[in-house]
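Trainee: Could you walk me through this model and tell me how the labels people put on it are justified?
Mentor: Sure, let's put it up first.

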Amino acid sequence: MRIENPGIGAALPELGVELRSGSALSDLTSLGIGGTTDLLRIKKHEGIPDLLNLLDANGIPHRFLGGGSNLLVGDGELPWVVLQLAKPEPEVVIDGTFAQVDAAADLGRTVTFCAKNDLGGMEGLIGVPGTVGGALRMNAGAYGMQIGSYVREVKLYRAAGRKIEILRGDQISFEYRHTSFAPDDMMLAVKLELPSKPFKEILAGIRICNEKRRSSQPLGQKSAGCIFKNPPGASAGRMIDELGLKGLNVGDARISDRHANFFVNAGAASAKDMLTLVADVRERVHKAFAVELEHEVVVWNA
Ligand code: EPU
């Protein structure tokens with residue numbers, strides 16, 4: 001979707017917003033899949049309520065993009081504009097055992113920055129691509145930990161009240177890859193409280209998690225991480241593997257040979273290819289195990 005009204009284009013700089021016309025979402029997602037639309041890069045949080053009022057008043061639908069690492073976007077010209085926070089400087093501010101982190105901060109860099117300040121707890125998230133805001137919204141987790149356990153405060157734009165608010169950690173529920181945030185809430189910043197640990201000890205944990213991830217996941221390839229959630233008490237990857245589906249493909253959309261719950265873009269896969277493969281695997285798993293797999297990846301299809 002293109003913003004054609006010149007009045008809107010002219011109002012954006014004052015709101016701290018940069019317009020990048022005709023951006024390819026395939027360049028902004030780890031899967032390397034997705035069509036084109038206008039991208040609005042937000043440089044100051046305070047301008048967000050006015051920006052959204054402006055878009056709504058002009059009937060322009062929007063979506064919020066984080067780091068694009070857990071996202072499957074449709075092909076072609078997309079029917080909404082995309083909003084994304086620009087990265088601030090600094091991304092993280094440490095205060096005792098608290099880390100104040102901007103939602104646009106890179107997750108991996110945040111984990112290592114906290115580690116260097118003797119703050120641990122997030123070792124399992126090392127190697128998970130994306131932003132802190134995305135990890136927060138999905139309650140990202142790995143190797144027995146989840147980010148939600150450390151959240152003390154969240155600054156967010158709430159579409160329902162049309163304003164920026166601060167929530168305490170205990171006002172938010174964090175479940176397996178799910179939170180109580182509304183779909184149109186936009187994460188802006190988070191205050192984490194992390195356990196104090198010597199850097200060396202945290203580094204040892206980081207190395208173990210890195211090694212486990214390297215040995216079981218296709219890290220060098222374009223993917224969105226696990227495509228399905230694990231059903232209670234079971235592993236989606238193991239079920240797909242047991243059906244002998246590693247390597248199965250639709251065009252360049254392919255099930256990884258390394259981890260069967262990672263679907264990779266082996267070249268120029270389209271969203272249509274990927275969604276066809278996903279639907280096929282869901283059906284096969286349902287037939288074999290009577291289990292309905294749920295998407296773990298967020299799908300933005302027109
Ligand atoms: N397995 C297979 N074949 C496969 C893949 C896995 O037999 O192709 C078996 C493994 O041998 C193991 C079991 O399935 O016995 C579980 O596998 P793994 O330890 O790789 O964990 P997972 O349940 O597949 C989850 C998260 C990952 C996270 C890892 C590590 C989900 C959907 N996946 O994977 O998160 O990195 O644990 O904690 O919860 C993601 O969210 O995108 C993601 C990759």
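What follows is a chat about the chain, one residue and the ligand site.

Mentor: Keep in mind that this is a predicted model.

Trainee: Okay. What makes the protein chain as compact as a globular protein of its length?

Mentor: First, the make-up: the protein chain has 7 helices and 19 strands. Its radius of gyration is 20 Å, and the globule rule gives 19 Å for 302 residues; those values are close, so the chain is as compact as a globular protein of that length. Along the principal axes, the C-alpha trace spans about 55 × 50 × 30 Å.

Trainee: How much of the protein chain is buried?

Mentor: Buried residues account for 46% of the 302. As for the surface, the chain exposes about 13,800 Å², with carbon and sulfur atoms supplying 50% of that.

Trainee: Why is Thr131 called buried?

Mentor: Buried means under 20% relative accessible area. Thr131 comes in at 10%, so it counts as buried.

Trainee: Where does Thr131 sit, and which residues is it in contact with?

Mentor: Thr131 is in the loop between helix H3 (107-116) and helix H4 (132-138). Leaving aside neighbours within four places in sequence, its contacts include Gly66, Gly67, Lys87 and Leu107. Ala103, Ala104 and Ala105 are in contact with Thr131 too.

Trainee: On to the ligand. What makes the pairing with Tyr176 a polar contact?

Mentor: The cut-off is a pair of N or O atoms within 3.5 Å. A ligand oxygen is 2.7 Å from an N or O atom in the Tyr176 side chain, so the pair qualifies. The side chain of Lys246 also has an N or O atom 3.3 Å from a ligand oxygen. With Ala260 the backbone does the job: one of its N or O atoms lies 2.8 Å from an oxygen of the ligand.

Trainee: And how much of the ligand does the protein bury?

Mentor: The protein buries 73% of the 830 Å² that the ligand exposes when taken alone.

Trainee: Which elements give two or more residues to the shell around the ligand?

Mentor: Those are strand S15 (222-226) and helix H6 (236-242). H6 gives the most, with 3 residues.

Trainee: How many residues surround the ligand, and what classes are they?

Mentor: There are 20 around the ligand, and the closest are Tyr176, Cys226, Asn230, Arg238 and Asp241. By class, the shell has 7 nonpolar, 7 polar and 6 charged residues.

Key. Residues are numbered from 1 along each chain as its sequence is written. This is a predicted model: local features need pLDDT of at least 70, side-chain atom pairs count only at pLDDT 80 or more; totals for chains, interfaces and linings use all residues. Side-chain values use heavy atoms; hydrogens and water are left out. A residue is near a molecule or strand if one of its heavy atoms lies within 4 Å of it. A polar contact is a pair of N or O atoms within 3.5 Å; within protein, one must be able to donate a hydrogen and the other to accept it, and residues adjacent in sequence count only if both atoms are side-chain atoms. Accessible areas come from the Shrake-Rupley method with a 1.4 Å probe; for residues, only the protein chains shown count as cover. Helices (H or I, at least four residues) and strands (E, at least two) are DSSP runs, numbered from the N terminus. Ala, Val, Leu, Ile, Met, Phe, Trp, Tyr, Cys and Pro count as nonpolar, Asp, Glu, Lys and Arg as charged, and the others, Gly among them, as polar. The radius of gyration is taken over C-alpha atoms; the globule rule is 2.2 Å times the number of residues to the power 0.38. Buried means under 20% relative accessible area, exposed over 50%, partly exposed in between (1.4 Å probe, protein chains only). Contact means heavy atoms within 4.5 Å.
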